[in-house]
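Here are some notes from my pass through this one, jotted down in the order I'd talk them over with you. Have the structure open as you read.

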Amino acid sequence: QVQLVESGGGLVQAGGSLRLSCAASGRTSSIHVMGWFRQAPGKEREFVSFITWSGGNTYYSNSVKGRFTISRDNAKNTVSLQMNSLTPEDTAVYYCAGKRDGAVRYDYWGQGTQVTVSS
């Protein structure tokens, strides 16, 4: 099993920045991809970004491309999401997730961290 714990959420004004972190523990060798998702009030959970654990390949949703940057530190088993130029539309609970090699769905999920952007 893999445990994921997010941190770094909070309240920020529009135009500001936040950095989220996700610490992975347990069978981290099974992780192939780490991703970030978010869920705003009254909306479905949506994909934000992912990074491959070994090669560091990244992908972003169109809504965050150019503003958010995902990175990983394999030595520390952490994945970070640097969020710049935040807008109120970025307000959501952000979840870290991990997927095993060959898996279709993300297998592991964190508890989430709240990000609130005020206008």
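1. Surface first. The protein chain exposes about 6,300 Å², and carbon and sulfur atoms supply 45% of that area. Keep in mind that this is a predicted model. On the inside, 42% of the 119 residues of the protein chain count as buried.

2. Overall dimensions. The C-alpha trace spans about 40 × 25 × 25 Å along its principal axes. For 119 residues, a compact globule would have a radius of gyration near 14 Å, and the protein chain comes in at 13 Å, so the two agree.

3. Secondary structure. Don't go looking for helices: the protein chain has 0 of them, against 11 strands. Reading along the sequence, you just get β-β-β-β-β-β-β-β-β-β-β. As for how far apart contacting residues are, take the contacts between residues at least 6 apart in sequence: 53% of these join residues at least 24 apart.

4. The disulfide. The structure holds 1 of these, and it joins Cys-22 to Cys-96 with an S to S distance of 2.0 Å. What does the link tie together? Cys-22 sits in strand E3 (residues 18-26) and Cys-96 in strand E9 (residues 92-100), so the pair connects parts that are 74 residues apart in sequence. The angle about the S-S bond is -75°, and the link of Cys-22 and Cys-96 is left-handed. Are these cysteines buried or exposed? Cys-22 is buried, and Cys-96 is too.

5. The core. The largest nonpolar core has 28 residues. Those with the most contacts inside it are Leu-4, Met-34, Trp-36, Phe-68, Leu-81, Met-83 and Tyr-94. Two or more residues each come from strand E1 (2-7), E3, strand E4 (31-39), strand E5 (46-52), strand E7 (68-73), strand E8 (78-83), E9 and strand E11 (113-118). Which element gives the largest share? That would be E3, with 4 residues.

6. Tyr-94 up close. This is one of the residues with the most contacts inside the core, and worth clicking on. Leaving out residues up to four places away in sequence, Tyr-94 touches Glu-6, Leu-20, Trp-36, Phe-37, Arg-38, Val-48, Phe-68, Leu-81, Met-83, Gly-112, Thr-113 and Val-115. Among those partners, Trp-36, Phe-68, Leu-81 and Met-83 are also on the list of residues with the most contacts inside the core.

7. A buried serine in a loop. Ser-61 is in the loop between strand E6 (58-60) and E7. Its relative accessibility is 12%, so Ser-61 counts as buried, the cut-off being under 20%. Beyond its neighbours within four places in sequence, Ser-61 is in contact with Phe-47 and Val-48. Val-48 is on the contact list of Tyr-94 as well.

8. Two backbone spots to check. Most residues other than glycine have a negative phi. Asn-77, though, has a positive phi, near 55°, and lies in the loop between E7 and E8. With a relative accessible area of 22%, Asn-77 is partly exposed. Ser-85 also has a positive phi, near 50°, this time in the loop between E8 and E9. Its relative accessible area is 42%, so Ser-85 is partly exposed.

Note on methods: Residues numbered from 1 in each chain as written. Predicted model: local features only at pLDDT ≥ 70, side-chain atom pairs only at ≥ 80, totals over all residues. Heavy atoms only, no water. Disulfide = S-S within 2.5 Å. Buried < 20%, exposed > 50% of the residue type's maximum accessible area, 1.4 Å probe, protein only. Core = buried A, V, L, I, M, F, W, Y, C linked by side-chain atoms within 4.5 Å. Contact = heavy atoms within 4.5 Å. Rg over C-alpha atoms; globule rule 2.2 N^0.38 Å. Areas by Shrake-Rupley, 256 points an atom, 1.4 Å probe, with all protein chains shown as cover.
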